[in-house]
Amino acid sequence: MAAAALVPMASLTATARPAAAPADTAKAATPAKPFVQGTKTVAAYDYDNAIHERVQVDVPGVDGDQNGITDQITVDIVRPGEAAQAGIDVPVIIQASPYYASDPKTYFDANGTRQIFSTWLDNYFVPRGYAFAYVDMPGTFRSTGCSDVGADLEVRGTKAVIDWLNNRVGAKTPAGAPVKADWSTGKTGMIGTSWNGTIANSVASTGVKGLETIVPIAAISSWYDYTRSNGVPYYDEYMGFLHDYVSNDLSPRCVQLTGEIEQDSDTRTGSYSRWWDDRNYRLDAKKVKASVFVVHGLDDENVKTRQFGEWWDELEKRGVPRKIFLHQGVHLDGFSFRDTYVNQLHPWFDHYLQGLPNDVLKAPQATIQREDGSFTTEARWPAEGAKNTKLGLSKPAGETGGLSIAAPSSAPISFTGTSAESTDSVVLDPSTARSDRAVFVSNDLEQAVRLSGTGKVEVRVKVDKVAAGIKARLVDYGTATRYTNVTNVPNTRTCWGDGNALDTGCFADTKVNTAVSNTAVVVRTLADIGHYKSPDEKVSLQSGKWYDLTFELNADDVVFKAGHRLGLVLTVEPDNPSVPFTGATITLDPVKSSLTLPLTGATASLTSPEKTQTRVQATQLAQPEPEKDPIKLMEQFVEASR
């Protein structure tokens with residue numbers, strides 16, 4: 001289709017091509033909402049006629065950049081022109097982001113009005129009677145104020161857009177004229193990947209009226225747990241790095257804030273403080289009124305699975321309507337899986353934003369991609385029948401420890417780490433004695449056993465240094481065809497909805513790739529022994545003293561097949577990247593240590609640890625080593641958000 005021509009609208013400065021006026025008889029026969037057929041929306045409007053506009057929303061009482069002027073949030077909107085002409089109000093799908101400054105100038109016309117939205121969502125939903133909006137988060141791109149990495153400035157600024165769509169705050173056109181969203185029903189949904197999904201979680205936690213649903217994809221629910229793992233900072237000065245990466249450098253106050261955020265985050269101790277409360281949305285789960293459609297990769301080592309697992313648990317306690325889509329990938333948008341995802345998102349938005357009685361809540365709550373790449377649906381998540389099962393640790397005659405429901409029995413086990421972090425290769429060939437790990441492996445499973453939910457590790461340890469971290473890797477030992485990645489199919493192109501010459505909405509098809517491997521690390525979780533009392537306090541360890549440490553594992557859903565073995569591998573790790581670490585030896589008391597997992601299936605296979613264990617063939621890892629470079633992780637953040 002041809003690109004849209006510029007036509008002024010009555011309420012806003014906008015770009016559009018008006019639809020041809022139908023005859024009076026046709027008007028009388030046209031339904032009130034031509035995009036609704038039965039209980040679903042259909043493509044009824046021409047994207048070529050869509051109205052493109054930009055507004056600047058006031059954030060009352062907020063001057064984050066301290067320049068004496070109320071902060072304003074820039075919003076790019078695309079909405080169906082035919083609906084506007086017919087006087088049909090439409091709901092709004094919002095994707096807020098701190099990353100739009102990286103969009104090419106060619107995405108905007110000569111007046112600065114956005115013509116290209118680098119997503120499929122506008123092309124698919126605008127013809128179906130929705131408006132779509134990009135929001136520049138506070139202190140980024142064309143919005144004033146300052147970012148504060150997940151806290152009050154960021155949340156209040158983005159929330160103001162929903163308030164404007166419900167006539168509670170004011171806004172202006174780029175020319176400065178007051179403008180109202182008199183075309184909006186007031187119903188909004190927020191969607192986004194990574195930081196874009198995180199802001200959806202945070203705004204929902206305010207309980208703002210008019211936010212009907214959110215779709216947080218690979219999203220953060222607690223910034224402390226994103227940058228720390230049970231007291232261990234993942235990277236040095238990471239909160240300051242994040243702020244500097246997205247912040248508006250033209251504002252002296254925003255530049256100053258980078259240093260303040262890093263100092264207040266307290267990388268040197270890794271401890272939790274009240275400063276993190278504003279960035280911990282789980283604390284305000286009771287305020288959530290919106291329904292929640294969670295999307296997350298089970299192998300996401302950027303925004304780890306704990307982020308959705310603990311958020312899900314809090315929402316469940318409060319009876320929040322919810323749905324979950326778990327795939328085997330890394331830091332990805334659900335759209336990577338095309339129809340499987342779109343066919344669930346579409347009715348979800350239809351129900352909550354268009355009010356259509358499509359029985360979406362009677363559909364299975366969970367869609368889960370299994371280890372071989374296939375998808376299955378289930379009535380609820382975690383899996384029905386999953387029961388917390390405590391597995392004891394023991395050391396039989398061989399070099400590999402036992403892992404079973406039976407009572408543990410063993411003398412203490414020692415293992416040593418260096419100044420460097422361990423890698424996943426430490427789980428390979430578990431039958432061979434190595435001084436840098438403690439390995440516990442179950443017997444061959446007679447039938448399949450499934451983990452679904454959040455497990456925990458309890459250890460009693462002593463350390464020969466004043467500080468050390470410990471890492472738990474849960475391992476699936478056994479040969480299988482496993483998911484490796486999802487990639488584009490060369491020389492393919494499918495259009496998702498309508499488009500025009502500038503914004504086609506067409507993307508390459510994707511395919512799921514698999515490979516045979518005999519080892520898969522399914523969960524990795526790190527903890528600081530010095531935070532054994534509380535995440536709020538780090539203590540120096542005394543040599544020879546026993547410490548009891550309990551920490552939750554990252555959430556997961558994995559099936560250990562018949563003939564496979566379930567393994568736990570423990571290693572010594574640096575406790576803090578900001579403090580020199582020269583290595584340490586940890587001594588573990590297996591009798592006072594355990595692994596607790598939410599299991600369902602034939603757990604009887606785990607009753608005995610004492611069967612003679614043959615050599616475990618483990619030479620091929622299913623996935624490459626997770627990315628640890630913060631620059632690369634930020635690139636994942638940005639790319640996944642497009």
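# Exercises on a predicted model

With a torsion of -100° about the S-S bond, the disulfide between Cys-146 and Cys-254 is left-handed. The structure used in these exercises is a predicted model, and each solution below proceeds step by step.

## Exercise 1: Two disulfides

Task: Find how many disulfides the structure holds, and describe where the bonded cysteines Cys-146 and Cys-254 lie in the chain.

Solution. Start with the total, which is two disulfides. In one of them, the sulfur atoms of Cys-146 and Cys-254 are 2.0 Å apart. Next, place the two partners: Cys-146 sits in the loop between β7 (131-136) and α4 (152-165), while Cys-254 belongs to helix α8 (residues 252-265), so that the bond links distant parts of the chain, 108 residues apart. Then consider accessibility, for which the cut-off is that a residue under 20% relative accessible area is called buried. Cys-146 has 1% relative accessibility and is therefore buried, and Cys-254, at 0%, is buried as well.

## Exercise 2: The link of Cys-495 and Cys-506

Task: Work out which hand the disulfide of Cys-495 and Cys-506 has, and decide for Cys-495 whether the residue is buried or partly exposed.

Solution. Begin with the bond itself, in which the sulfur atoms of Cys-495 and Cys-506 are 1.9 Å apart. The torsion about this S-S bond is about 90°, and therefore the disulfide is right-handed. Now locate the partners: because Cys-495 lies in strand β24 (residues 494-495) and Cys-506 in strand β25 (residues 506-507), the pair ties together parts that are 11 residues apart in sequence. For the accessibility step, recall that partly exposed covers the range between the buried limit of 20% and the exposed limit of 50%. Cys-495 has a relative accessible area of 44% and is therefore partly exposed, whereas Cys-506, at 13%, counts as buried. As a last step, number the bonded cysteines of the protein chain in sequence order, which gives the pairing 1-2, 3-4.

## Exercise 3: The second largest pocket

Task: State the volume of the second largest pocket, and find which element supplies the largest share of its lining.

Solution. The volume of the second largest pocket is about 390 Å³. Its lining is made of 26 residues, and those closest to the centre are Tyr-234, Glu-421, Lys-471, Leu-526 and Lys-628. Turning from residues to elements, β12 (232-233), β23 (469-488) and β26 (510-528) each contribute at least two residues to this lining, and the largest share, three residues, comes from β26. Sorted by class, the lining of the second largest pocket holds nine nonpolar, six polar and 11 charged residues.

## Exercise 4: The largest cavity

Task: Give the number of cavities of 30 Å³ or more in the whole structure, and describe the lining of the largest cavity.

Solution. A search of the whole structure finds seven such cavities, and the largest cavity encloses about 250 Å³ of space. It is lined by 18 residues, with Gln-328, Ala-520, Val-521, Val-522 and Gln-623 lying nearest its centre. The elements that give two or more residues to this lining are β23, β26 and β28 (556-560), and β26 gives the most, with four residues. By class, the lining of the largest cavity has eight nonpolar, two polar and eight charged residues.

## Exercise 5: Lys-511 in its surroundings

Task: Say in which strand Lys-511 lies, and list the residues that it touches beyond its sequence neighbours up to four places away.

Solution. Lys-511 is part of strand β26. Its relative accessibility is 43%, and therefore Lys-511 counts as partly exposed. Leaving aside residues up to four places away in sequence, Lys-511 touches Asn-485, Val-486, Thr-487 and Val-489. Finally, compare positions in sequence and in space: Lys-511 and Leu-568 are 57 residues apart in sequence, and their C-alpha atoms are 32 Å apart.

## Exercise 6: Covered elements

Task: Determine how strands β9 and β10 run relative to each other, parallel or antiparallel, and how many residues of helix α5 are buried.

Solution. Strand β9 (residues 184-193) is joined to β10 by six bridges, and the two run parallel. In this pairing, Gly-192 stands opposite Pro-216 of β10. Strand β10 (residues 211-217) is mostly covered, with six of its seven residues buried. For helix α5 (residues 195-204), 10 of the 10 residues are buried, and therefore the helix is largely enclosed by the rest of the structure. Among these buried residues of α5 are Trp-195, Ile-199 and Val-203.

Key. Residues are numbered from 1 along each chain as its sequence is written. This is a predicted model: local features need pLDDT of at least 70, side-chain atom pairs count only at pLDDT 80 or more; totals for chains, interfaces and linings use all residues. Side-chain values use heavy atoms; hydrogens and water are left out. On a 1 Å grid over the protein atoms alone, a cavity is a set of points where a 1.4 Å probe fits but cannot get out, and a pocket is an open set with protein on both sides within 12 Å along at least five of seven lines; lining residues have an atom within 4 Å of a point. Grid points are joined across faces, edges and corners, and a volume is the space filled by probe spheres set on the points. Ala, Val, Leu, Ile, Met, Phe, Trp, Tyr, Cys and Pro count as nonpolar, Asp, Glu, Lys and Arg as charged, and the others, Gly among them, as polar. A disulfide is a pair of cysteine sulfur atoms within 2.5 Å. Buried means under 20% relative accessible area, exposed over 50%, partly exposed in between (1.4 Å probe, protein chains only). Contact means heavy atoms within 4.5 Å. Two strands pair if DSSP finds at least two bridges between them.
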